[in-house]
Amino acid sequence: MRAPERLRPEDDERALVARMRSGDERAFDEFAERYLPGLHRFALRRLDGDRELARDVVQTTMCNAIAKLDGYRGEAPLFTWLCACCRNEIGGHFRRRDRRPREVELDGEPHAVPPATAGGGPQERLLRFEAGELVHLALDSLPPNYARAVEWRYLEGAAVDEIARRLGATYKAAESLLSRARAAFREAYERLAASPDLGAEP
Amino acid sequence: MTENRGTEREWRGLPEEEETRRLLAEAGPRPAAEEDDLAAITEAARAEWRRRYGGRGEAAERTEPDGEVPRPPDLPTAAPERPERGAAITRRSDRFRAERPARRWPALAVAAAVIAALGLAWWALRTSPAAAPVIASVEVVTGEVLAWTAGGDGPVSLSADASGRGLAAGSTVETASADAGEPGRAALRAAGGASLRLDTGTRVHLASAERIELTRGGVYLDSGADPGGRPLAVATPAGVFHELGTQFEVRVEGAGTETITRLRVREGRVALDGGGAQGTAAVLTATGEELVVRADGSLVHGEIAPHGPAWEWVVATAPMLDIEGLTVRRFLDWIARETGLRVEFADAEAAALADTVVLHGSIDHLTPLESLGPVLSSAGLDYRIMDGSLVVLVDHDR
């Protein structure tokens with residue numbers, strides 16, 4: 001079996017940004033499709049599920065990020081960069097409203113309240129919650145087809161031939177994609193786990 | 001069909017597939033976002049993207065994302081518009097209103113757009129280079145700030161979305177007083193590069209690229225750490241203050257025989273040219289010095305620390321630094337210039353970190369002092385403020 005290739009997401013992302021800056025609207029669509037849902041989840045978790053507020057914050061984040069695209073040099077993954085921008089926007093929001101921000105630090109992961117329904121002690125629930133968010137963040141940072149394939153296979157338990165059918169691909173192609181997706185997920189998860197500052201440094 | 005598991009790789013002591021399955025099972029499915037929300041955000045972001053990069057593709061040619069970000073057909077086509085800092089929230093709400101059946105909104109929007117366009121056209125004509133050179137641009141506006149054109153037309157409100165607007169020679173800017181409903185402050189960038197800030201209750205006439213006239217209130221001028229542009233002089237009833245590579249505040253209070261003009265030099269030197277109302281002699285004032293000129297021309301010398309409450313309004317009006325890609329050292333240099341604090345490093349390790357760590361993100365919604373904690377923390381640093389010094393140290397608790 002061929003070993004999974006090492007992905008170079010930074011190259012893809014630099015190319016995507018370059019296309020956006022050149023005025024290619026399909027690149028914008030790809031950008032929105034790939035990063036917006038994850039960014040929205042990122043914000044929603046930090047805003048206690050306040051949908052209206054999350055919508056406002058993410059919209060401002062996206063507009064600010066687009067305004068700063070010229071300064072994006074690919075030193076941090078694009079999704080990480082967007083999350084850092086979003087975190088700053090959330091901090092700014094609470095400051096503007098004279099409310100105590102839950103997070104104001106560029107490097108601190110927010111201490112969101114874990115779900116009340118989770119079992120175990122507070123520490124255990126918190127750890128589980130944080131680990132769960134890491135998984136979701138890692139999935140959100142992947143290309144959408146990779147994330148879907150990983151979820152189909154390892155969350156839904158779909159067989160490879162079923163995944164091939166959903167992708168409209170051959171069994172071999174689906175198997176290969178799944179292998180690459182799993183490697184990308186692992187890489188993203190480890191990167192996020194090792195860098196809770198989500199991109200304060202490249 | 002036999003599946004090739006291909007799980008020879010291990011992850012955390014388990015086969016990679018098994019660990020992946022365990023993690024996903026514990027995390028559960030990702031929560032789905034509301035499609036309406038994603039569509040609204042996408043269209044607002046698209047408008048900003050088109051404004052900046054002028055999209056080549058036609059909307060009809062776009063490939064719809066497969067089910068994740070559907071766009072309702074009745075969503076308004078994004079027209080180029082200019083989201084400004086903090087304005088996107090309002091715009092998002094407007095977009096949602098636009099989706100509702102009430103049809104009067106498009107008509108009102110058109111009317112508002114026409115009025116806004118006429119206003120901008122009027123302003124552009126009055127401030128066009130053909131009429132008078134643009135000698136400053138608006139960077140920060142808080143509260144109520146008004147402007148008059150060189151011809152005396154106006155006033156025009158410089159609201160918070162006026163950032164980037166040019167001001168021609170001959171313009172006058174006035175900020176609302178501290179006891180007004182919306183006390184006003186502003187930061188302008190002079191054509192020569194200097195930062196000019198207007199405190200509350202200030203009226204200033206931008207006479208030329210080299211001279212402003214302060215009739216009341218306070219202005220702060222920072223010609224930059226490496227001044228290279230044309231020096232800017234501040235004319236007051238007491239005379240003309242010439243900056244010599246510096247940061248200083250000039251304030252005019254009272255009226256008539258009670259008028260007091262006060263100079264506070266934070267850094268560098270300032271020369272007060274004779275020729276004031278009472279023929280004040282030329283005076284040179286240096287860092288940390290305060291000079292009060294009374295209406296009768298008498299002078300009172302004093303001292304002023306380069307940091308502390310006297311400069312709080314200056315710090316509060318500071319245009320924020322774009323930290324993206326800057327080292328911590330550059331950020332600290334900016335903090336020092338804005339706050340007047342001396343930056344010191346507790347040890348070589350802290351200095352090395354400041355020199356090597358590159359920042360990403362934004363501090364747009366924080367004041368300079370508020371940004372210290374988040375930025376330094378992200379670099380593994382901490383700080384203490386004592387006796388006018390900002391001491392930067394390694395945060396060993398991280």
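User: What share of the 398 residues in chain B is buried?
Analyst: This is a predicted model, and burial is counted here from C-beta neighbours: 20 or more others within 10 Å make a residue buried. Of the 398 residues in chain B, the buried ones make up 37%.

User: How many helices and strands does chain B have?
Analyst: Chain B contains both kinds of element. The count is eight helices and 22 strands.

User: What is the secondary structure of chain A?
Analyst: From the N terminus on, the elements run α-α-α-α-α-α-α-α. Strands number zero. The helices of chain A come to eight.

User: What percentage of chain A counts as buried?
Analyst: Chain A has 202 residues. The share of them that counts as buried is 47%.

User: Among contacts in chain A between residues at least 6 apart in sequence, what percentage join residues at least 24 apart?
Analyst: Take contacts in chain A between residues at least 6 apart in sequence. Those that join residues at least 24 apart amount to 60%. For chain B, the value on the same basis is 54%. The chain A answer is 60%.

User: How are α6(A) and α1(B) oriented to each other, and why?
Analyst: Helix α6 covers residues 144-154 of chain A, and helix α1 covers residues 16-27 of chain B. Their axes come within 9 Å and cross at roughly 90°. An angle of 65 to 115 degrees counts as roughly perpendicular. The two helices are therefore roughly perpendicular.

User: Which residues of α1(B) make the contact with α6(A)?
Analyst: On the α6(A) side, the contact uses A:Val150, A:Glu151 and A:Tyr154. By class, the whole contact has three nonpolar, one polar and two charged residues. The α1(B) side supplies B:Thr20, B:Arg21 and B:Leu24.

User: Which residue of chain B is in contact with A:Phe185?
Analyst: A:Phe185 is one of the residues that touch the most other members of the largest nonpolar core, which has 67 residues. Leaving aside neighbours within four places in sequence, its contacts in chain A are A:Ala138, A:Leu139, A:Leu142 and A:Val150. The contact in chain B is B:Thr20.

User: Is A:Ala43 buried or exposed, and why?
Analyst: A:Ala43 sits in helix α2 (residues 25-46) of chain A. Beyond four places in sequence, A:Ala43 touches A:Ala54, A:Val57, A:Val58, A:Cys86 and A:Ile90. Being buried takes 20 or more other C-beta atoms within 10 Å. A:Ala43 has 26, so A:Ala43 is buried.

User: What distance separates the C-alpha atoms of A:Ala43 and A:Asp56?
Analyst: Along the chain, A:Ala43 and A:Asp56 are 13 residues apart. In space, their C-alpha atoms are separated by 9.9 Å.

User: Why is helix α8 of chain B largely enclosed by the rest of the structure?
Analyst: This helix spans residues 368-378. Its buried residues include B:Pro368, B:Leu372 and B:Val375. Among the elements that cover them are α5, α6, β21 and β22 of chain B. Helix α8 is largely enclosed because its buried residues number eight of the eleven.

User: Which residue just after α8(B) takes a positive phi?
Analyst: The phi is about 75°. The residue is B:Gly380.

User: Is B:Asp387 buried or exposed?
Analyst: B:Asp387 lies in the loop between β21 and β22 of chain B. B:Asp387 is not a glycine, yet has a positive phi of about 50°. A residue with 12 or fewer other C-beta atoms within 10 Å is exposed. B:Asp387 has 8, so B:Asp387 is exposed.

Terms used:
Residues are numbered from 1 along each chain as its sequence is written. Chains are lettered from A and ligands numbered from 1 in the order in which they are written. This is a predicted model: local features need pLDDT of at least 70, side-chain atom pairs count only at pLDDT 80 or more; totals for chains, interfaces and linings use all residues. Axes are lines fitted to C-alpha atoms, for helices over the stretch in contact, and angles run from 0 to 180 degrees between N-to-C directions. Helices (H or I, at least four residues) and strands (E, at least two) are DSSP runs, numbered from the N terminus. Angles under 35 degrees count as roughly parallel, over 145 as roughly antiparallel, 65 to 115 as roughly perpendicular and the rest as oblique. Two residues are in contact if their C-beta atoms, placed from the backbone, lie within 7 Å. Ala, Val, Leu, Ile, Met, Phe, Trp, Tyr, Cys and Pro count as nonpolar, Asp, Glu, Lys and Arg as charged, and the others, Gly among them, as polar. A nonpolar core is a set of buried Ala, Val, Leu, Ile, Met, Phe, Trp, Tyr and Cys residues joined through C-beta atoms within 7 Å.
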